[in-house]
Amino acid sequence: SEESGYIEIKPDDTLADVRRIMKEDWDDDMFPASDWFFQADGMRYTENQEERKKAWDLIGSDFKILSRKQIQKTEEVPSSIVRVKVDDVTVEKTEEIPSIKVPVNNFFLLKHIKDHPEQDRGLLIIGTFIQLIRGTNEFEKEDLIDENNDMCFQYRLNDEVANSNNGFVSVRRSEQTNNIYKTTFDVRAPLEIEAIFDHFPFRIVKASLGVELSTMTDRNNVKRLVPDLQLAMKAKTSNIAIQPPIIGIKKEYDDYREEVTEKIDQKMDRSLKFYFVTPFPKVNYTVKKNDCSKFEVSFYLVEMGFSKFIKIVLPMLLIFIMNTFHVFTNTVTDTDNYLGNSAAFALTVVFLLESVVPQTVKKNDWGRNTVYVILVFISLMLSSIPANFIYNNPWPAFFGNGLFFLTFFFPCYNFFLFQSECSKLKSRHFLHDFIGESKKFKAGTDSYEENFSSIHSLCKNKTRNHFEENGYIVETEGKIELVSYKSGSPKVISNSCKIK
């Protein structure tokens, strides 16, 4: 059969840009696998080469989108063939490769978060993945072995290939017990940061790690092995857990004591630029088209709260006081000196408010930060008008100084909004969801079926009650279903947010 689709490309677009646009615009079934590469005239392009190669230079060439397992004898394997044109991409598809769902539980042990050494305001998460795959009669052990002789599914973290080459994940060891294949990974991955509250001088960011297990083909390239994520229903801490401090914490995890959370916070937070609103993450599993191979772990952190107050708000208060004296001497100060002093105040304010201006062009909106900056400069412009310019009338300068005073309403009002947002974020998490003693699964003695359940199967209406009974909720967003932890309010943890 033949199917057509199109994307728009620009002269400066690289193959990496083409990959991103295709993933955004096309349906999943238009690709041969979730982990694929470009091939042009028999030449394979690597991830690094895609970042450099201009797609415009290859117009008129024939491309093949191939699964990474389809390197040899590609003519015998169904694949997507792409012919690049000036304004569109045409896809010719052969019959689909049969898919086999492979049960897999992915345990994530969260150790700590620290600053990224190569990125300003970047963060790294340090942890451990444990991948538990249950073998079935539909595939063989050899089908799971990758090029490094490990029995596991490969990862994509925040849509980037993760392996030992880029250091995001690296295999520590692989084991097999009966029909259970266990692989342990070390994780050192960058977090994707998005501001969810940015009102001067307070900023709350969401730092997320999207984890996706990549589809693979068997050794004969005739079957597609699709990871089917399983949840450990007996204890959430068998899915995602926080590594507790070695000392200084008692085992009464069900007591929501503030000192317990504080010790976990101190252990998890290794950043000098951010601190946690709460060290307990938000967890979402994504179910799309009856498949679940993705989940996301998100933390909420505050970037420079009280430090901005010291560095910006207090100097602005000092400038306001000096400007007040300056305005009251308007009628007795000669014009040149008055304008010189006004220029000095304005230059100082420009330097101070540099960090208040929105740092992204993705959102071109008039938020409170923008309004605050504009009002400050309008007040300084009015305050800088010499009385001699308008018949010895100082009132425009007085009005400007009064407007300057009113701008301090913004940081005060934002403080209460900041506290309210922190309270909402804290109330969503249970301590015992991530900290606690749980019976570890033993491949030799425990039943996989009794300990784990398929996420996509549980999303069906008949079994959703089972989800809720075990502390999960299912939300529908269009064709996607999100499985997340139920919200709740800790018993003792304070609703106020620390200001540092």
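I take buried to mean under 20% relative accessible area, exposed over 50%, and partly exposed in between, with a 1.4 Å probe and protein chains only. The model is predicted, so I accept local features only at pLDDT of at least 70 and side-chain atom pairs only at pLDDT 80 or more, while totals for chains, interfaces and linings use all residues. Residues are numbered from 1 along each chain as its sequence is written, and side-chain values use heavy atoms, with hydrogens and water left out.

Entry on salt bridges. I looked up the salt bridges, each being a side-chain nitrogen of Lys or Arg within 4 Å of a carboxyl oxygen of Asp or Glu, and the structure holds eleven. One of them joins the side chains of Arg121 and Glu303 at 2.7 Å, N to O; this pair links distant parts of the chain, with Arg121 in the loop between β6 and β7 and Glu303 in strand β18 (residues 291-303), 182 residues apart. For strands I use DSSP runs of E of at least two residues, and for helices runs of H or I of at least four, numbered from the N terminus. Arg203 also forms a salt bridge with Glu303, where the closest N and O atoms are 2.4 Å apart. Arg203 lies in strand β13 and Glu303 in strand β18, so this pair ties together parts that are 100 residues apart in sequence. Arg203 is buried at a relative accessible area of 16%, and Glu303 is buried at 3%, whereas Arg121 is partly exposed at 23%. I note that salt bridges with shared partners join Arg121, Asp198, Arg203 and Glu303 into one network.

Entry on the backbone. Arg121 has a positive phi of about 60 degrees although it is not a glycine. I found another positive phi, near 55 degrees, at Asn178, which sits in the loop between β10 (169-177) and β11 (180-190) and counts as exposed at 57% relative accessibility. A cis peptide bond, with omega about 0 degrees, joins Phe200 and Pro201, and Pro201 is placed in the loop between β12 (192-199) and β13 (202-213).

Entry on helix α5. I checked the 18 residues of α5 (residues 335-352), which at 1.5 Å a residue, taken times one less than the number of residues, should span 26 Å, and the end C-alpha atoms are 26 Å apart, which agrees. The buried residues of α5 are Thr335, Tyr338, Ser342, Phe345, Val349 and Leu352. Seen down the axis of α5, these fall within an arc of 120 degrees, so they line one face of the helix, the arc being that of the directions from the helix axis to the C-beta atoms. The face turned away from this buried side carries the exposed residues Asp336, Leu347 and Phe351.
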